[in-house]
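Reader: I am in my first year and would like a close look at one part of this protein: the charged side chains and how they pair. Please take it slowly and tell me where each one sits.

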Amino acid sequence: MTWLKNIAGRIYAVYGLLLFAATLLVVLIPIWIFSFFPDPLKSRCFLALGRVWMKVYMPLIGCPVFRKGLHYFEKGKQYVVVCNHNSLIDVPVTTPGVPGVNKTLAKASMAKIPLFGMMYKIGGIMVDRSSETSRKESYNEMKAALDMGMHMILFPEGTRNRTDEPLKEFYDGAFNLAVDTQTAIIPSLLFHTRKILVPGKVLYARPHRIDYHFLAPIETKGLTREDVPLLKEKVFRIMWDYYAAHS
């Protein structure tokens with residue numbers, strides 16, 4: 001009955017999109033107002049509203065989010081949170097899912113999308129990876145965000161993992177940031193988001209619970225750029241083993 005599953009998956013995808021659009025209209029004006037605030041107030045207000053929004057929206061589409069390991073976040077301390085990346089739905093799960101005020105890194109092209117662009121510019125730091133100047137500016141903005149007491153959420157795989165492996169090879173950026181700012185890293189893992197938005201299928205989705213797990217912090221105090229390769233490999237191995245054991 002593959003044809004029936006395909007029809008159901010497309011009906012569900014349309015339902016999710018329509019419900020997202022309807023709920024977006026409710027929060028749009030407050031978000032627009034927040035966009036004029038300075039950081040970190042802007043991000044704090046945006047996240048407070050976004051958490052309520054996603055707490056309502058995700059269960060309504062049959063994708064409730066369950067978090068584990070929140071006790072690892074020490075009050076008054078900021079972290080570089082690294083996460084696996086399997087699906088487009090990862091960002092609306094991670095941004096409200098990480099406790100406290102946070103920012104993520106987003107492609108500059110996302111800022112050009114109507115309505116979405118405004119939210120990305122509030123909740124994210126925009127970067128054009130083809131421009132060295134933009135990469136340097138975004139790196140300085142990430143350091144400034146940490147200085148303001150915000151967490152940075154980064155996907156070290158760079159792009160979505162479309163392989164059959166638990167993780168793709170990590171880039172250095174998140175680990176350079178953590179070492180340069182002497183900020184602890186919290187590895188985190190999303191489960192089942194690939195089952196919701198199936199790779200290779202357009203306008204097709206399936207409901208499924210999402211689990212978001214945070215692991216014990218890894219300190220970077222005293223580390224330098226020379227230690228980044230080993231640090232990156234350590235975090236990669238921890239996340240790989242945990243994902244393999246819990247997926």
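Author: A residue counts as buried when its relative accessible area is under 20%, as exposed when that area is over 50%, and as partly exposed in between. Lys232, at 19% relative accessibility, therefore counts as buried. Keep in mind throughout that this is a predicted model.

Lys232 is a useful place to start. Its partner is Asp172, and the two form a salt bridge in which the closest N and O atoms are 2.7 Å apart. Asp172 sits in the loop between β5 (151-154) and α6 (173-180), while Lys232 belongs to helix α8 (residues 228-246), so the pair ties together parts that are 60 residues apart in sequence. Unlike the buried Lys232, Asp172 is partly exposed, because its relative accessible area is 34%.

The pairing rests on a general point: side chains of opposite charge can pair when their charged atoms come close. Across the whole structure, a search finds seven salt bridges. Two others are described here.

One of them joins the side chains of Asp180 and Arg225, with 2.6 Å from N to O. This pair also links distant parts of the chain: Asp180 is in helix α6 and Arg225 is in the loop between β7 and α8, 45 residues apart. Asp180 has 36% relative accessibility and so counts as partly exposed. Arg225 is partly exposed as well, with a relative accessible area of 45%.

The other is formed by the side chains of Asp241 and Arg237, where the N to O distance is 3.5 Å. Here the two residues are four apart in helix α8, which means that about one helical turn separates them. Asp241 is partly exposed at 41% relative accessibility, and Arg237 is partly exposed at 37%. Helix α8 therefore holds both members of this pair, and it also holds Lys232, whose partner Asp172 lies in the loop between β5 and α6.

That loop between β5 and α6 contains another charged residue, Glu157. What does Glu157 have as its nearest side chain of opposite charge, and how far away is it? The answer is Lys168, at 6.3 Å; Glu157 is buried yet has no salt bridge. The cut-off for a salt bridge is 4 Å between a side-chain nitrogen of Lys or Arg and a carboxyl oxygen of Asp or Glu, so a distance of 6.3 Å does not qualify. Glu157 does have a polar atom of its side chain 2.7 Å from the backbone nitrogen of Lys168. In this contact, then, Lys168 takes part through its backbone.

Some charged residues are grouped with others of like charge. Lys5, Arg10, Lys195, Lys201 and Arg206 gather on the surface in a patch of positive charge. Residues in such a patch have over 30% relative accessible area and no salt bridge. Arg206 can serve as the example: its relative accessibility is 38%, so it counts as partly exposed. Its place is in the loop between α7 (193-196) and β7 (210-214).

The loop that carries Arg206 also carries Leu203. Leu203 has a positive phi of about 50° although it is not a glycine. At 43% relative accessibility it counts as partly exposed. Leu203 belongs to a surface patch of another kind: together with Val14, Leu17, Leu18 and Val202 it forms a nonpolar patch with about 490 Å² of accessible area in total. Val14, in helix α1, is partly exposed with a relative accessible area of 35%.

A similar backbone feature appears at Gln182, which has a positive phi of about 55° and is not a glycine either. Gln182 lies in the loop between α6 and β6 (185-191) and, at 27% relative accessibility, counts as partly exposed.

One last backbone detail involves a charged residue. Asp39 is joined to Pro40 by a cis peptide bond, with omega about 10°. Pro40 is placed in the loop between α1 (2-34) and α2 (41-60).

To return to the pairs: Asp172 with Lys232 and Asp180 with Arg225 each bring together parts set apart in the sequence, by 60 residues and by 45 residues. Asp241 and Arg237, by contrast, are four residues apart in one helix, α8. Glu157 is buried and has no salt bridge.

Definitions and conventions. Residues numbered from 1 in each chain as written. Predicted model: local features only at pLDDT ≥ 70, side-chain atom pairs only at ≥ 80, totals over all residues. Heavy atoms only, no water. Patch = residues over 30% accessible without salt bridge, like charges linked within 9 Å, V, L, I, M, F, W, Y side chains within 5 Å. Areas by Shrake-Rupley, 256 points an atom, 1.4 Å probe, with all protein chains shown as cover. Lys, Arg positive; Asp, Glu negative; His and termini not counted. Charge placed at Lys NZ, Arg CZ, Asp CG, Glu CD. Buried < 20%, exposed > 50% of the residue type's maximum accessible area, 1.4 Å probe, protein only. Polar contact = N/O pair within 3.5 Å; in protein donor to acceptor, adjacent residues only side chain to side chain.
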